[in-house]
Amino acid sequence: MSEKILLIDGHSILNRAFYGLPDLTNSEGKHTGAVYGFLNILFRTIEEEKPQYLTVAFDLKAPTFRHKMFEAYKGTRKPMPEELREQVPLIKEMLTAMGVNVVTKEGYEADDILGTLARKSEAAGMDATILSGDRDLLQLATDKVMIRLPKTVRGKTTIEDYHAQQVIEKYQVTPPQIIELKALMGDSADNIPGIPGVGEKTATKIIVEYGSIENAHEHLEELKPNRARESMREHYDMAQMSKALATICTDSPIEFSYEKAKLGNLYTKEAFLLCRQLEFKNLLNRFDSAAVQEDTLEQEFFTCADLAGCEALFAKAEAGKTAGVSLVTENGRVFGAGLALNEEEIYYIPVEGMITEGYLCGKLEGLLHKVSESNTENIMKSNTDDVKKDPENEISDVNTDGTLKYDKKCVCALDVKALLKHIKSDDPMAVFDAGVAAYLLNPLKSSYTYDDMAKEYLNGRILPAREELLGKKTVEKAWEESAEGLAAWACYMAYTALACRKPMCEALRDTGMWNVYTQIELPLIFTLDSMEKWGISVKSEELKSYGEKLSVRIGELEKQIWQQAGEEFNINSPKQMGVILFEKLGLKGGKKTKTGYSTAADILEKLAPEYPIVKDILEYRQLAKLKSTYADGLVGEIAEDGRIHSTFNQTITATGRISSTEPNLQNIPVRMELGRLIRKVFVPEEGYVFLDADYSQIELRVLAHMSGDEKLIQAYKEAQDIHRHTASEVFHVPFDEVTDLQRRNAKAVNFGIVYGISSFGLSQDLSITRKEAAEYIERYFETYPKIKGFLDGLVEEGKEKGYVTTMFGRRRPIPELKSGNFMQRSFGERVAMNSPIQGTAADIIKIAMNRVYRRLKDENLKSRLVLQVHDELLIETCKEEIPQVSAILEEEMKGAAKLSVELEVDMHQGNNWYEAK
DNA sequence: GTGGTCACG
DNA sequence: ACGTACGTGACCACA
């Protein structure tokens, strides 16, 4: 068996991968789809071909040798989209990391390099395989040189293989004659002109007959059809030039050694790291874990499993400097803890023997208290007067020389709130939260893991990720089967939290987010922890009977729908429903989604008046949602204490809002009466009532303030109905004569502005034409003249800096603004307009929460904050404290920020959430 | 695991 | 010409 070399046309395959696959990005927004596709094709081909040598050729940007000869015929190619362009260096980096021979040559195209290497290898007695997406390469095919062309058909990649024989079968001409074909028919993609009036059919006929353009020209008078003959007569020079253009150079002066091209182990450590960075999770499995040598900490981990040792350890931690801690938990059970006394001495303390869960958590709580007591200064009390965007302002936690006071003693953890879950106290304590810090520094990531943090903030340091230490095991399984891995995991987490403090704090300062971190997010951890711990009481029996009532009606509707459809089908399946409605029953309203027909409510609502079945479906949907998500869903989340303890996540949203999970208590129905009734099962405990306070139009007020638009500010100062006011101005009617429709439309425009207005979006929302929507928007901008400049400024700022900021300095990166794709870039522009507004409103309510929480605590009240729903706070209020708590809510919410328009708060009281809203 | 749908601000 | 409102999370069906 002779040896084989695999030659790859780099740009061409990258291109193919880019267009063949959906646009993939990692959690940081980096485009990676083409690189991913490239690697898959590469691995697959290597497995199939089993070559001994491998080389990838790339074009350089400079004009190529062949095309240089004919300056006039270059430069009409479409520019490469930005999403693809940025992946070119990435694939080269990846190939280099895998030890793959990458060849480029000034003045030559990848084709020429491949052609040259193919001939050279053939001459040396080898087989060669060329992988490319470009059919031009077919001219290189011989018995020994095979061309492989990947094709994407309906999402699946198939590869067509061509030896000389297959070229002849498919094109009726020999591989070298492919050049002759091109000379006649041209190739617009390659800027080869060919000769006019000759396409594939005619060209093939001529070349089959005469073999070459020269020979055909010699027999010019015999040529058929007439059109081709005359074209050839007139444009023969063009054919010759095209032939030269189409000919791939097979003797380029390139430096090449088989030594370098030898195919070695692709699964190197460097490649592994890169794959991990790009989040190619499927590819990671290919790497032999033994081959991936991790950068282990120089220091050792110690395990401390006896009581005396543990006591000594905590004593040392309390007496010493800032410590890092981690807690290994699962489903509420604690398995052990990591404790980093400093960056060298790191301990793992398993829960076993004398060390019980209660004991260990107690020691951790003690440590937190001791550290906090020794440093009351560092307990982050929400002093919001200091929360300013301008870094020139006096800042409480930065010394006058600009250095940070972060070195005050505290306890560091990756997720402080998770730690607090296992600690009784909900008093604010001196902590550093690496997860929250990492979130502020880049809120676009989907998760914040210690290995990523180490890589980003500890000079590229590589630590083994959880999966490498524990595999896919649950903590409980790892506890039984790989205690060592669990110990290492705990230690790495404690270490990373500790080690990241300095670099992260400096980064927060350098990005102007130190105040957001210390004055908003840090105190918020304790506020949220308290809310989670209190939870909210739910009447489970009433919830169940509500669900049963729904079931009855759902059953009726189901029967009715099936009857009208003439068959039984799964109403919950959009796919089946689409077929029933639009094919079987022939409703109009064709395709919408890539998988079939859209049956979304806004489509169905348009059909409802005409078809009774659609009305029933809409009602069914509504009820099914209420039952599955709310009735049944919430029942399953009620804890033993009869309360629901949702988790408020602080590191999820791109804008700075918090989110709520398991269950989500931020989307409990309110708009429709039937759903709104669910709120009756949320009740305060005996002797308490609910006070519900929500900001009135906080986002529009923020917009008024940030834009500085006097007209909008004035409107608010006069305490006008803002939507009516807008309608009056936009539609040029007296304030008192604004119709309901006009007000509704103006309200939609106000929303649109906050979302990053587009005439299309507005027209969809209002069911009006785009033109009308555009007019509304234009008149809106005339009404409030500074708004447009403000929004345009945000987009400009975003494009220039790559991010936008809130009033308090919170950042949102917007990589989409640099996209070459119109849709993505437009999205980026809307985000640039929306994020500072939504984010500032989020900052304000977070500040308000902290202030309310602190007041309730400071004034020793029994009332407690239990929920936040973006612009709304729910307080379970002790009946005796109602006047005091109302005053606190009003004061602290209004006083959370000083804007040029008042922050207005609406407040209601009730014996359940329904009444209080 | 992904897409469609729908609940909220 | 492109094909959209901004930000979330839960449930279901279906590959």
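**Close-up views of chain A and DNA strand B**

A backbone N or O atom of A601 sits 2.7 Å from a phosphate oxygen of DNA strand B. That counts as a polar contact, meaning a pair of N or O atoms within 3.5 Å; within protein, one must be able to donate a hydrogen and the other to accept it, and residues adjacent in sequence count only if both atoms are side-chain atoms. This is a predicted model, where local features need pLDDT of at least 70 and side-chain atom pairs count only at pLDDT 80 or more, while totals for chains, interfaces and linings use all residues. Residues are numbered from 1 along each chain as its sequence is written, chains are lettered from A and ligands numbered from 1 in the order in which they are written, and side-chain values use heavy atoms, with hydrogens and water left out.

**View 1. Protein around DNA strand B.** Besides A601, V670 brings a backbone N or O atom to 2.7 Å from a strand B phosphate oxygen. R671 joins in with a polar backbone atom, again 2.7 Å from a phosphate oxygen of DNA strand B. There are 23 residues around the strand, and T599, K625, V670, R671 and D871 come nearest; to be near, a residue needs a heavy atom within 4 Å of the strand. Helix α27 (residues 612-635) gives the largest share of this surface, four residues. Looking from the DNA side, 75% of the strand B atoms within 4 Å of the protein belong to sugar or phosphate, and the rest to bases.

**View 2. E532 and its partner K417.** E532 belongs to helix α23 (residues 514-534); helices here are DSSP runs of H or I with at least four residues, strands are runs of E with at least two, and both are numbered from the N terminus. With a relative accessible area of 3%, E532 is buried (under 20% is buried, over 50% exposed and in between partly exposed, with a 1.4 Å probe and protein chains only). Its side chain makes a polar contact with the side chain of K417 at 2.5 Å. Setting aside residues up to four places away in sequence, E532 touches K417, K421, H645, S646, T647 and F648, where contact means heavy atoms within 4.5 Å.

**View 3. S252 in a loop.** S252 lies in the loop between α11 (226-246) and α12 (258-261). Is this serine, S252, buried or exposed? S252 counts as buried, at 6% relative accessibility. A polar atom of the S252 side chain lies 3.3 Å from the backbone oxygen of D112. Neighbours within four places in sequence aside, S252 is in contact with Y108, D112, I113 and T116.

**View 4. D694 on strand β18.** Strand β18 spans residues 688-695 and holds D694, which is buried at 14% relative accessible area. D694 and H870 are 176 residues apart along the chain, yet their C-alpha atoms are separated by 8.8 Å. Leaving out residues up to four places away in sequence, D694 touches D871, E872, M893, E904, V905, D906 and K917.

**View 5. Zooming back out to chain A.** Chain A has 38 helices and 23 strands, and its C-alpha atoms fill a box of roughly 110 × 80 × 65 Å along the principal axes. Of its 917 residues, 55% count as buried. Among chain A contacts between residues at least 6 apart in sequence, 68% join residues at least 24 apart.
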